[in-house]
Structure formats: structure tokens, C-alpha cells
Amino acid sequence: MSAIEEFVFSPPSVVSVPVVGTGARFAVHRIYCVGRNYEEHAKEMGFTGREPPFFFMKPTDAVVVVNSGEVGSLPYPRLTSNLHHEIELVVAIGKGGRNIAAAEALQHVYGYAVGLDMTRRDLQNDMKKQGRPWCIGKAFDHSAPIGPITPAALAGDVAKAEIWLQVNGQDRQRSQVSQLIWNIAETIEHLSAAWDLQAGDLIFTGTPAGVGAVVAGDSLQGGVAGLGTLQLSVVAAQ
Ligand code: MN
């Protein structure tokens, strides 16, 4: 096969996230998300939490990068009247692999970030009822805000860190990463059994209890201890 010499239109630019402590950026390959991975959140969604991990994906260009110290802008999406926040620890994969054992999994982690799995809950619930895919509820434009990636060596004990989200200064979600049903290593083991992980993959590891709606004008501030704070304003659709 001959090399591609030209494109019929300009190819999209590479989606990337800044890395703490370096000018280099982390190029995003895929975005995987874990469903119902904190027991109290599983319960608030009507489930027991006692189930194998399951996954969905977001498109890479759903990323909204929010730099440290900045307030990002999150456009209120179309078709919904129930946009929910889900604060999540994001794992950034630095070394790919398949069938990665949990005992080896952390060697594949480049670093960690704070992310939001924004969800059009009304549309997701409609799809659940009908047994249809969640894409329209989960994988829309701007649905994956993320802060800078902190390299693992600088991130402290992420497995035991506090995770929290405030809306307009009021606590909505507050828990500990240690409350994950499937921890970081186990999640990588399960994911890599189903897909070949690659450097550049992001894994949104699930959200604790307390998910709820935001509206245009709301300010979101969330974090994971050791990884900084993610700040966003919800703005009315254009
Ligand atoms: Mn989620």
C-alpha cells in the first residue's frame, strides 16, 4: 500500500491534555468509562453494586481541557433537561497491552487526572428502559471535561484519595477512591481483556453517590486529593 499523500479534507487535530510539571502533552487515544463503580452510587441508580464491571466509551473529541487555575466553559447540551455531573478519577494509560493482570496493571499507568462524566440523564434513562445503547446520554460533545494529568510518581496515594464535587459552593459528591468496587488495577485487568489498551487511553473510573442536575449559570468545582481542582461554568447553549 502506498503512503497517504494527501487527505480529501484537513484531518482533525490531535486531542491532548496538559501534563503537570512538563510542557509536553498527553495525546488522547480512546476514552473508556466504567459504569456504577461505587456501591452507594449503584444503589442511588437502583442497583446493588454487586455486578462485574461494565464499560462504555466517549469520543476522544468530547474532551474539554481545563488548565490548572482556569475556569472551563461547559455548554449546556441539546436535547436534555436533566444534565448530571459525575465527578471521576481518570486514569491515563502510558503503556498499552492486552490481558494485563491486576498485579502488573499499575505499571501501565502514566498518571491521573480529575474528570467529569457529564450525562444527559433523561436520555440515558430512556435508552436503559428500551435496552438501547447509552451513546446519546453519555457520548455527546463536551461530555468529558478533564484537568491536567499528574504523573503517577507525583500523584500521591490516589487509591486512598478523597474525591469531591461542589456546585455553587455546596457539596454534592464526597467520597474516597478507596470506595471503588473495582479498583484501578482490577479495572485495567477487565478492560484489557476486552480491548487492546494503548498509550493515550483514558479511563473514567466511575462516580461516587450524589449525582445530580446542573443548569446554565452553575459553577462546578471538583477534585481528587493530590490531583488539583477542576473548575467549570455551565453556559447556555448558543
Ligand atoms: Mn460515570
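**View 1. The buried side of helix H5 in a predicted model.** Helix H5 spans residues 184–194, and its buried residues (under 20% relative accessible area, 1.4 Å probe, protein chains only) are Ile184, Ala185, Thr187, Ile188, Leu191 and Ser192. They sit on the same side of H5 because they cover an arc of only 155° around the axis, taking directions from the helix axis to the C-beta atoms. Helices here are DSSP runs of H or I with at least four residues, strands are E runs of at least two, and both are numbered from the N terminus.

**View 2. What H5 packs against, and what it turns away.** The buried residues of H5 pack (heavy atoms within 4.5 Å) against strands S3 (31–34), S4 (55–58), S8, S9 and S15 (202–204), plus helix H2 (102–105). On the face turned away from that buried side you'll find Ala193 and Ala194, both exposed (over 50%).

**View 3. The start of H5.** Here, a side-chain oxygen of Asn183 comes within 3.1 Å of the backbone nitrogen of Ala185.

**View 4. The manganese ion and its donors.** Glu86 (OE), Glu88 (OE) and Asp117 (OD) coordinate the manganese ion at 2.0 to 2.1 Å. Donors are N, O and S atoms within 2.8 Å of the metal (3.2 Å for Na, K and Ca), and with water not among the atoms, sites may look incomplete. Along the chain, the donors follow the spacing E-x1-E-x28-D. Glu86, in the loop between S7 (83–85) and S8 (87–93), and Asp117, in the loop between S9 (109–116) and S10 (119–120), are 31 residues apart. Glu86 counts as buried because its relative accessibility is 4%, and Asp117 does so at 0%.

**Notes.** Residues are numbered from 1 along each chain as its sequence is written, and side-chain values use heavy atoms, leaving out hydrogens and water. In this predicted model, local features need pLDDT of at least 70 and side-chain atom pairs count only at pLDDT 80 or more, while totals for chains, interfaces and linings use all residues.

Technical notes
A polar contact is a pair of N or O atoms within 3.5 Å; within protein, one must be able to donate a hydrogen and the other to accept it, and residues adjacent in sequence count only if both atoms are side-chain atoms.
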